[in-house]
Amino acid sequence: MEQLICIGCGVEIQTEDKQKEGYAPPSSLEKEEVICQRCFRLRNYNEIAPVSLTADDFLKILHSIGEKDALIVKMVDIFDFNGSWIDGLHRFVGKQPILLIANKVDVLPKVVNRNRLIHWMRAEAKRLGLKPVDVALISAHTGEGVEEAMELIEQHRKQKDVYVVGTTNVGKSTFINKIIETATGEGEVITTSHFPGTTLGLVEIPLADGQYMIDTPGVINDHQIVHYLNPKELSLTLPKKELKPKVYQLNEQQTIFIGGFARFDFEQGSRNAFTFYVSNQIPLHRTKLENADELYDNHKGKMLAPPSIETLEAMPPFTKYQYSIKEPTDIVISGLGWITVQQPNVVVSVHAPKGIAVLVRPSII
Ligand code: GDP
C-alpha cells in the first residue's frame, strides 16, 4: 500500500489503531487529501489528544539533521526567549550553519526598539553558546520581518535543504504557513494551534530549486510554564495581542501578584515605577508585603488567578529570587513575561514556581 502522509502534521497515516499516532478512519482514505483524526479534531473542535514525542526522539531527529548538508533555522519565541531556547544545538547538529529567528514580535509593545532587540538577541545567543550565521526578528502572524527572514534563508541555504527546529509552540508551523502563503498565495496547509506539540512528523515543503524546507516536531522544554496549563489557562497566559505594559508606582514593602503565577516584592529603595509586561488577561493585584503570604494562601486560584487551584497544586511551590538592581533591568519569568526596573539602587524579589526559570537581563526597552 502506498504510504499516506497527513496533510496536517506529516505523520504517517494508519487505519488500525485509534489510540496511536496517525490514525484516520478507513473511509477518509478515499479523499484526495488525508488528514489524521488528531489534526481533524484540532481543526474542527480545538480538541487536544496526547502526544508521544519524547526528548529522545527529538535528539534522534537533530542527529539525523546533523548528518545532512543543510541550513538550520532555529526558532525561538521572543516572549519566552530563554524558555524556548534549545541548549547545545551545535553539539547535536554538527557543523551545519544556524540562522536564529525570534518569532511573535507582534506581542511586544511598539515602543520596544527592534534594532536593540536584535542586538540583544546576538549578545544573548553568544552568551548561550550559539554562533548563528545571522539573526532575524519576525511575526509569523502579522508578517512583520518575514520577507527579510526569507531573504536571509535564501542567502544562507546555498541551494540546500532548510530544517526549522524549535521547542513546541514557538510558531514553526505558522511561519512555514506564512512562507507558503507568501510564495504560493495558498492558505493554511499545516496544522497550527496554540496547544504545545501539534506538529508530529517531519513536514517537507518543496522549494523552487528541488530542495525542501522541513518542519520538525518541537521538543518540550519541561521548565516552561505552559506545560502545566489547561487550554483555557494557556489562552489567558500566552499573549495573543500587543502587550499593554502596566506601570505601578510602588513604595518599598509593597507586593504585586501576577495572577496566582508569581509575585513581585519591592523590598528596599525610594518610591519607584515598575512596569509589568504580561498577558493583558492576567490580572495584577497590589498588596503590602507583610500581608502577601496570607493573601496568597487565602486567595490563590480565586482572586489570584489564573491559574486555577488544581493547576497550582500540580505546580511546584514558590521559590524566591532576590535582586539588587544597579542598572535598568528586566526580570524575566520564563513564559509569563517580565518586569522592568528602571531605577537603580533598589532591592526586589520575585517568587515563582520552582523550576520555572527566572532571570535578569539589561532592559530591552
Ligand atoms: P509550533 O509548535 O512551533 O509549530 O507552533 P505553531 O505554529 O503551532 O504556533 C503555536 C502558537 O503560537 C499558535 O497559537 C499560534 O497562533 C501562535 N503564533 C505563531 N506565530 C505567532 C506570531 O507571530 N505571533 C503571535 N502572537 N502568535 C503566534
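## Exercises on a predicted model

In strand β1, Ala-70, Ile-72, Lys-74 and Val-76 point one way while Leu-71, Val-73, Met-75 and Asp-77 point the other way, and all are buried. Keep in mind as you work that this is a predicted model.

**Exercise 1.** Describe the two faces of β1 and find the strands that β1 is joined to.

*Solution.* Start with the side chains. In a regular strand they alternate between the two faces of the sheet. You can see this in β1, where Ala-70 points one way and Leu-71 the other. Next, look at burial: eight of the eight residues of β1 are buried, which makes the strand mostly covered.

Now turn to the partners. β1 and β4 run parallel and are joined by five bridges. β1 also runs parallel to β2 (residues 98–103), with six bridges between them. Ile-72 is a good place to check both pairings: Tyr-163 stands opposite it in β4, and in β2 its bridge partner is Ile-98.

**Exercise 2.** Work out which residues of helix α2 are buried, which are exposed, and how the buried ones are arranged.

*Solution.* First, place the helix. α2 covers residues 55–66, 12 residues in total, and reaches 16 Å from its first C-alpha to its last, close to the 16 Å expected. Second, pick out the buried residues, which are Phe-58, Ile-61, Leu-62 and Ile-65. Seen down the axis of α2, the buried residues fall within an arc of 100°, so they line one face of the helix. Third, go to the other side of α2, where Asp-56, Asp-57, Lys-60 and His-63 are exposed. Finally, ask what covers the buried residues of α2: the cover includes β1 (70–77), α3 (89–93) and β4 (161–165).

**Exercise 3.** Sort Glu-124, Gln-159 and Gln-253 by exposure, using their C-beta neighbours inside 10 Å.

*Solution.* You need the cut-offs here: 20 or more neighbours means buried, 12 or fewer means exposed, and anything in between is partly exposed.

- Glu-124 lies in helix α4 (residues 114–127). Glu-124 has 18 neighbours, so it counts as partly exposed.
- Gln-159 sits in the loop between α5 (146–157) and β4. Gln-159 has 10 neighbours and therefore counts as exposed.
- Gln-253 belongs to the loop between β7 and β8 (254–258). Because Gln-253 has 13 neighbours, it counts as partly exposed.

While you are at these loops, check the backbone too. Phi is near 60° for Gln-159, a positive value in a residue other than glycine. For Gln-253, also a residue other than glycine, phi is positive as well, near 70°.

**Exercise 4.** Trace the five-stranded open sheet and name its edge strands.

*Solution.* Write down the order: β7-β10-β14-β13-β16, with antiparallel pairing. The edges are β7 (246–250) and β16 (358–362), each of which pairs on one side only. From one strand to the next, the twist averages 25°. For one pairing in detail, take β10 (residues 272–278) and β14 (residues 337–341), which share five bridges in the antiparallel sense. Here Phe-274 stands opposite Val-341 in β14.

**Exercise 5.** Locate the cis peptide bonds at Pro-306 and Pro-307.

*Solution.* Go to the loop between α8 (289–299) and α9 (309–314), where Pro-306 lies. Pro-307 lies in the loop between α8 and α9 too. Then read the omega angles. The cis bond joining Ala-305 and Pro-306 has omega of about -5°, and the cis bond from Pro-306 to Pro-307 has omega near 5°.

Technical notes:
Residues are numbered from 1 along each chain as its sequence is written. This is a predicted model: local features need pLDDT of at least 70, side-chain atom pairs count only at pLDDT 80 or more; totals for chains, interfaces and linings use all residues. Helices (H or I, at least four residues) and strands (E, at least two) are DSSP runs, numbered from the N terminus. The expected span of a helix is 1.5 Å times one less than its number of residues. The arc is that of the directions from the helix axis to the C-beta atoms. Two residues are in contact if their C-beta atoms, placed from the backbone, lie within 7 Å. Two strands pair if DSSP finds at least two bridges between them. Axes are lines fitted to C-alpha atoms, for helices over the stretch in contact, and angles run from 0 to 180 degrees between N-to-C directions.
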